[in-house]
Amino acid sequence: MSNKIKIAVPIAMIVGLLAGCFPKASTVIMSLPVESKEQIIARYDERQLQEGKAIFASRCTHCHGLKDPASRDAAAWNKILKRMIPMAKLDDAQGQLVRAYLLANSEDK
Ligand code: HEC
């Protein structure tokens, strides 16, 4: 085994270990298609939307006040949430529930 490999293997293992300890926030939100309020309401039930509301209220208020879902239309939320869901470090499921709640209650356009 060359010296380079002798060093590279343990380094790769340490990097892998550290990455595992700090799981990255959801990235699935980045690849979701832009959806309308109607599409979201058809796809989620009331229980899921209430769950999204609870996550929104507890996780989206660390840096600023609670935003009014009706302050923006679905198109605006689709865009903003690609920045804010990673900021709030939500996982895939949490991110999608918060997105569903906000889109379902967004401003009508
Ligand atoms: C780590 C801090 C942090 C968290 C957590 C956070 N935000 Fe933000 N948010 C910011 C900052 C900073 C701004 C203003 C700068 C900007 O727009 O990027 C902002 C701006 C916003 C805006 C206005 C943006 C615009 O362009 O009109 C909305 C709406 C918003 N956040 C919603 C949310 C929602 C929903 C969540 C939860 C998923 C959330 N934020 C979680 C830091 C945060």
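**Exercise 1.** Is Asn 78 buried or exposed? Place the residue in the predicted model and find a polar partner for its side chain.

*Solution.*
1. Locate the residue: Asn 78 is part of helix H5.
2. Read its accessibility: the relative accessible area of Asn 78 is 5%.
3. Apply the cut-off: buried means under 20% relative accessible area, so Asn 78 is buried.
4. Look for the partner: a polar atom of the Asn 78 side chain lies 2.9 Å from the backbone oxygen of Glu 35.

**Exercise 2.** Describe the secondary structure of the protein and state what share of its residues is buried.

*Solution.*
1. Count the elements: there are 6 helices and 0 strands.
2. Write them in order from the N terminus: α-α-α-α-α-α.
3. Take the buried share: of the 109 residues in the protein, 28% are buried.

**Exercise 3.** Which protein atoms are donors to the iron atom of the ligand, and where in the chain do their residues lie?

*Solution.*
1. Identify the donors: NE2 of His 64 and SD of Met 84 lie 2.0 to 2.3 Å from the iron atom.
2. Assign each residue to an element: His 64 is in the loop between helix H4 (46-59) and helix H5 (74-87), whereas Met 84 is in helix H5.
3. Draw the conclusion: the two residues are 20 apart in sequence, so the pair ties together separate parts of the chain.
4. Check accessibility: His 64 has 30% relative accessibility and therefore counts as partly exposed. Met 84, at 25%, also counts as partly exposed.

**Exercise 4.** What is the arrangement of the donor atoms around the iron atom of the ligand?

*Solution.*
1. Count the donor atoms: there are 6 around the iron atom.
2. Inspect the angles: they run from 88 to 179°.
3. Compare with the criterion: six donors count as octahedral if opposite donors are over 155 degrees apart and all others between 65 and 115.
4. Conclude: the angles make this arrangement octahedral.

**Exercise 5.** Describe the surroundings of the ligand: which residues are closest, which helices contribute, and which side chains make polar contacts?

*Solution.*
1. Start with the shell: 16 residues surround the ligand, and the closest are Cys 60, Cys 63, His 64, Arg 83 and Met 84.
2. Assign the shell to helices: H4 and H5 each supply at least two residues. H5 gives the most, with 7 residues.
3. Look for contacts to ligand oxygen atoms: an N or O atom of the Arg 83 side chain is 2.7 Å from one. A polar side-chain atom of Arg 72 lies 2.9 Å from an oxygen atom of the ligand.
4. Look for a contact to ligand nitrogen: an N or O atom in the His 64 side chain is 2.8 Å from a nitrogen atom of the ligand.
5. Consider the space itself: the ligand takes up the largest pocket.

**Exercise 6.** How far apart are Ile 40 and Arg 99 in sequence and in space?

*Solution.*
1. Place Ile 40: it belongs to helix H3 (residues 37-43).
2. Read its accessibility: at a relative accessible area of 0%, Ile 40 is buried.
3. Give both separations: Ile 40 and Arg 99 are 59 residues apart in sequence, and their C-alpha atoms are 9.0 Å apart.

**Exercise 7.** What is the sign of phi in Lys 89, and where does this residue lie?

*Solution.*
1. Read the angle: phi of Lys 89 is near 55°, which is positive, and the residue is not glycine.
2. Set this against the general rule: most residues other than glycine have a negative phi.
3. Locate Lys 89: it sits in the loop between H5 and helix H6 (92-104).
4. Check accessibility: at 62% relative accessibility, Lys 89 counts as exposed.

Conventions. Residues are numbered from 1 along each chain as its sequence is written. This is a predicted model: local features need pLDDT of at least 70, side-chain atom pairs count only at pLDDT 80 or more; totals for chains, interfaces and linings use all residues. Side-chain values use heavy atoms; hydrogens and water are left out. Donors are N, O and S atoms within 2.8 Å of the metal (3.2 Å for Na, K and Ca); water is not among the atoms, so sites may look incomplete. Four donors count as tetrahedral if all angles lie between 85 and 135 degrees; four count as square planar and six as octahedral if opposite donors are over 155 degrees apart and all others between 65 and 115; anything else is irregular. Helices (H or I, at least four residues) and strands (E, at least two) are DSSP runs, numbered from the N terminus. Buried means under 20% relative accessible area, exposed over 50%, partly exposed in between (1.4 Å probe, protein chains only). A residue is near a molecule or strand if one of its heavy atoms lies within 4 Å of it. A polar contact is a pair of N or O atoms within 3.5 Å; within protein, one must be able to donate a hydrogen and the other to accept it, and residues adjacent in sequence count only if both atoms are side-chain atoms. On a 1 Å grid over the protein atoms alone, a cavity is a set of points where a 1.4 Å probe fits but cannot get out, and a pocket is an open set with protein on both sides within 12 Å along at least five of seven lines; lining residues have an atom within 4 Å of a point. A molecule sits in a cavity or pocket if more than half of its atoms lie within 2 Å of its grid points.
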